[in-house]
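Trainee: I would like a close look at one part of this chain. Please take the charged pairs and the sheet they touch, and work outward from there.

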Amino acid sequence: MTPAIAQQPARPSPVTTTERPRVTTERHNYLEFPSHYQELKQLFGQNFLGIEEMDRAFTVQDQHLFSFTPDIQRRALDLLNQKLAEPDVAQLVQKIRSGEIPRDMFMLVLRRGQFSDGTPVTMQSLAQKLEPTLQSEQKGKLIYNSQPNQPYYTNPDQTIISKDNMEWVLVTKDVIPETLSKKNAAQTRVLEQKARRLGLTSHRRSKGWEVEYDFVAMLRAPNIRLFTDPYRYDRTSDTSSGGKSLRVGHGDAKGLNIYRFDDAFSYVGVRLSR
């Protein structure tokens, strides 16, 4: 079993305040991360999107869109400890470590559900906050075809928000190859079979905002553009107001494409999340 990360000093009780949250411009001072955290960074390499990587990816014009105070960093480490303590997760990480599963198959991602100004993370808010910077960096748009009338694009209830507004997720970097060229229901069955073969006791698809979140984080931290080589779409767990499944992908310089179809396509698959 993967050893848990050494515990950090006890954190103070959360402080409540009536002040409006602000975007901070102060430089974040990182904790001295424990050795196992560093080992995970080495294991996953460019596919590790942790505290420093997310801070880098979501800092625009010296403004930190996510706050990473020492208390928040300690809580992130606690949550990672809890994730690694789940037996199927520990087994999966061990298989990656031993080479039984290719190192480049999974990403380990720290997801945040709320920006430091209090705005929920949605497909719309990600585009509003990050797209101008991407364009100034000559990396193109974030979303090709925005859809403000659809709940998956604007509704904060679509965002997975724990009481900590953050979670760690193991998610495949690309879609599962066996899910390509299949309709939505058949993809669900294939995903279940794949999860069982990997020894996972639970799994899920990504939501639309999670695809966009991972895409922009990879584009800005390690400078890797997902879903373009090869050309791919991730069919998510979100549906349109008309009941069609949402697929997001093909993230070239024109931006991520968003479409709603249940049909089979050779370039539409599903990523696996745990």
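Mentor: What follows goes from the whole chain to one arginine, then to the sheet, a helix and a loop.

The model is predicted. Start with the frame. The chain has eight helices and nine strands. Of its 274 residues, 53% are buried. Among contacts with a separation of 6 or more, 76% are between residues 24 or more positions apart. About 12600 Å² is exposed, and carbon and sulfur atoms supply 47% of that area.

Now the charges. Side chains of opposite charge can pair when their charged atoms come close. The count here is 20 salt bridges.

Go to Arg 271. Its side chain meets that of Asp 214 in a salt bridge, at 3.0 Å from N to O. This pair links distant parts of the chain. Asp 214 sits in helix H8, while Arg 271 sits in the segment after strand S9 (268-269). They are 57 residues apart. Is Asp 214 buried or exposed? Asp 214 is buried, because its relative accessibility is 0%. Arg 271 also has 0% relative accessibility, so Arg 271 counts as buried.

Arg 271 has another acidic partner. A salt bridge joins the side chains of Arg 271 and Asp 234, with 2.9 Å from N to O. Asp 234 belongs to strand S6 and Arg 271 to the segment after S9, so this pair ties together parts 37 residues apart in sequence. Both Arg 271 and Asp 234 are buried. The pairing goes on from there. Salt bridges with shared partners join Arg 111, Glu 167, Arg 204, Glu 210, Asp 214, Asp 234 and Arg 271 into one network.

Asp 234 leads into the sheet. Four strands make an open sheet, ordered S8-S7-S6-S9, with mixed pairing. Which strands stand at the edges? They are strand S8 (255-260) and S9. Each has a single partner strand, so one side of each lacks a neighbour in the sheet. Further in, S6 pairs with strand S7 (residues 245-252). The sense is antiparallel, over four bridges. Asp 234 has its bridge partner in S7, and that partner is Val 248. Asp 234 therefore has two kinds of link: a side-chain salt bridge to Arg 271, and a strand bridge to Val 248.

Next, the helix against this sheet. H7 has 14 residues. From first C-alpha to last, H7 reaches 20 Å, close to the 20 Å expected at 1.5 Å a residue. Its buried residues are Ala 186, Gln 187, Val 190, Leu 191, Lys 194 and Ala 195. What do the buried residues of H7 pack against? They pack against S6 and S9. Just after H7 comes Gly 199, with a positive phi of about 80°.

Now the loop that runs up to S6. It lies between helix H8 (208-220) and strand S6 (233-239), and Pro 230 is found in it. The peptide bond joining Asp 229 and Pro 230 is cis, with omega about 5°. Asn 223 is in the loop between H8 and S6 too. Its phi is near 65°, a positive value in a residue other than glycine. Asn 223 is exposed, because its relative accessible area is 52% and the cut-off is over 50%.

Arg 232 carries a charge link out of this loop. Its side chain and that of Asp 174 meet in a salt bridge, at 3.9 Å from N to O. Arg 232 lies in the loop between H8 and S6, and Asp 174 in the loop between strand S5 (166-172) and helix H7 (184-197), so the pair ties together parts 58 residues apart in sequence. Arg 232 is buried, at 16% relative accessible area. Asp 174 is partly exposed, at 29%.

One last site, outside this region of the fold. Gln 138 lies in the loop between helix H5 (123-136) and helix H6 (151-154). Its phi is near 60°, a positive value in a residue other than glycine. Gln 138 counts as exposed, because its relative accessibility is 70%.

To retrace the route: Arg 271 bridges to Asp 214 and to Asp 234. Asp 234 is in S6. S6 pairs with S7, and the buried residues of H7 pack against S6 and S9.

Technical notes:
Residues numbered from 1 in each chain as written. Heavy atoms only, no water. Helix = DSSP H or I, 4+ residues; strand = E, 2+ residues; numbered from the N terminus. Buried < 20%, exposed > 50% of the residue type's maximum accessible area, 1.4 Å probe, protein only. Contact = heavy atoms within 4.5 Å. Areas by Shrake-Rupley, 256 points an atom, 1.4 Å probe, with all protein chains shown as cover. Salt bridge = Lys/Arg side-chain N within 4 Å of Asp/Glu carboxyl O. Pairing = 2+ DSSP bridges. Expected span 1.5 Å × (residues − 1).
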